[in-house]
Amino acid sequence: MDPRSRSYPSPTRSVLSPETVAGNYERIRAELGPEVTIVAATKYVDPVDLPALAQGGIEVVGENRAQDLEAKHALHGGAFRWHFIGHLQSRKATTVNELCELCHSLASESAARRLTIPALVEVNLSGEESKSGIREAELEEFLGRYENTVGLMTMPPFADDPERSRPYFRRLRELAERFGLDELSMGTSQDYRVAADEGATMVRLGSVLYAN
């Protein structure tokens with residue numbers, strides 16, 4: 001089972017330790033260096049646990065759902081810089097505009113017309129029907145229409161071996177270089193080291209930051 005598809009029960013009290021988060025964050029920061037932005041994915045993080053992330057040194061968080069973004073931002077908006085990393089529905093673009101500094105997942109013309117903050121275009125390099133994203137063949141035309149695009153994002157097929165993600169990350173870097181884009185959001189908990197090797201400027205990390 002792809003662990004990215006799991007859901008978790010919501011705790012009634014904090015279950016994350018600031019010390020654990022700090023230790024993991026410092027270790028990963030040392031691995032990646034200061035040039036790579038670590039975005040803490042909070043899809044499965046209960047609002048009660050967000051202070052532990054702040055106390056652990058997390059500066060940037062990424063939320064997948066607009067409704068969860070609103071709820072968590074209302075409680076802890078000033079503690080972090082907020083990114084949106086999930087599938088962006090055009091009707092939710094206003095919320096993302098108001099609360100986030102960056103959207104990682106622009107993938108439709110309807111959303112692009114409503115999005116006013118800087119964005120990364122999500123590219124579906126694997127061709128998987130279950131994934132959102134612009135097809136590579138459509139990317140040049142899409143980029144030509146929207147001036148707020150600053151980079152690209154992709155999600156390769158899930159694989160136990162991180163090296164299987166490398167061709168997708170390498171191709172995304174090549175596309176960014178071709179179109180003169182600076183930002184690359186690629187790599188999650190299982191393959192962030194490979195993503196960094198291939199030029200990621202942002203990695204989206206969940207379990208690797210929170211595990212004891």
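# Exercises on a predicted model

We start with a cysteine: C103 is buried, at 0% relative accessibility. The model behind these exercises is predicted.

## Exercise 1: cysteines

Work out why the sulfur of C103 has no bond to the closest cysteine sulfur.

*Solution.*
- Step 1: Find the partner. The closest cysteine sulfur to that of C103 is in C100, 7.7 Å away.
- Step 2: Apply the cut-off. A disulfide needs two cysteine sulfur atoms within 2.5 Å, and 7.7 Å is too far for a bond.
- Step 3: Widen the search. Over the whole structure, 0 disulfides are found. C100, too, is in no disulfide.
- Step 4: Add the surroundings. C100 is buried, with 7% relative accessibility.

## Exercise 2: a bridge between two helices

Find which parts of the chain the salt bridge of R166 and D197 ties together.

*Solution.*
- Step 1: Check the contact. The side chains of R166 and D197 come to 3.5 Å, N to O, and the cut-off for a salt bridge is 4 Å.
- Step 2: Place the residues. R166 belongs to helix 7 (residues 166-179) and D197 to helix 8 (residues 192-197), so the pair joins parts 31 residues apart in sequence.
- Step 3: Compare the burial classes. R166 is buried at 17% relative accessible area, whereas D197 is exposed at 54%.

## Exercise 3: from one pair to a network

Take the salt bridge of R173 and E198, and then name the network that holds these residues.

*Solution.*
- Step 1: Read the distance. N to O, R173 and E198 are 2.9 Å apart.
- Step 2: Locate the two ends. R173 sits in helix 7, while E198 is in the loop between helix 8 and strand 8 (202-205); the pair links distant parts of the chain, 25 residues apart.
- Step 3: Look at accessibility. R173 is partly exposed at 23%, and E198 is buried at 4%.
- Step 4: Collect the network. Salt bridges link E163, R166, R170, R173, E177, D197 and E198.
- Step 5: Set this against the total. The structure has 17 salt bridges. Among them is the pair K131 and E128, with closest N and O atoms 2.6 Å apart; E128 is partly exposed, at 25% relative accessible area.

## Exercise 4: sequence and space

Determine where A74 lies and how far it is from L99 in space.

*Solution.*
- Step 1: Locate A74. Helix 3 (residues 66-76) contains A74.
- Step 2: Classify A74. Its relative accessibility of 68% makes A74 exposed.
- Step 3: Give both separations. A74 and L99 are 25 residues apart in sequence, and their C-alpha atoms are 9.6 Å apart.

Definitions and conventions. Residues are numbered from 1 along each chain as its sequence is written. This is a predicted model: local features need pLDDT of at least 70, side-chain atom pairs count only at pLDDT 80 or more; totals for chains, interfaces and linings use all residues. Side-chain values use heavy atoms; hydrogens and water are left out. Helices (H or I, at least four residues) and strands (E, at least two) are DSSP runs, numbered from the N terminus. Buried means under 20% relative accessible area, exposed over 50%, partly exposed in between (1.4 Å probe, protein chains only).
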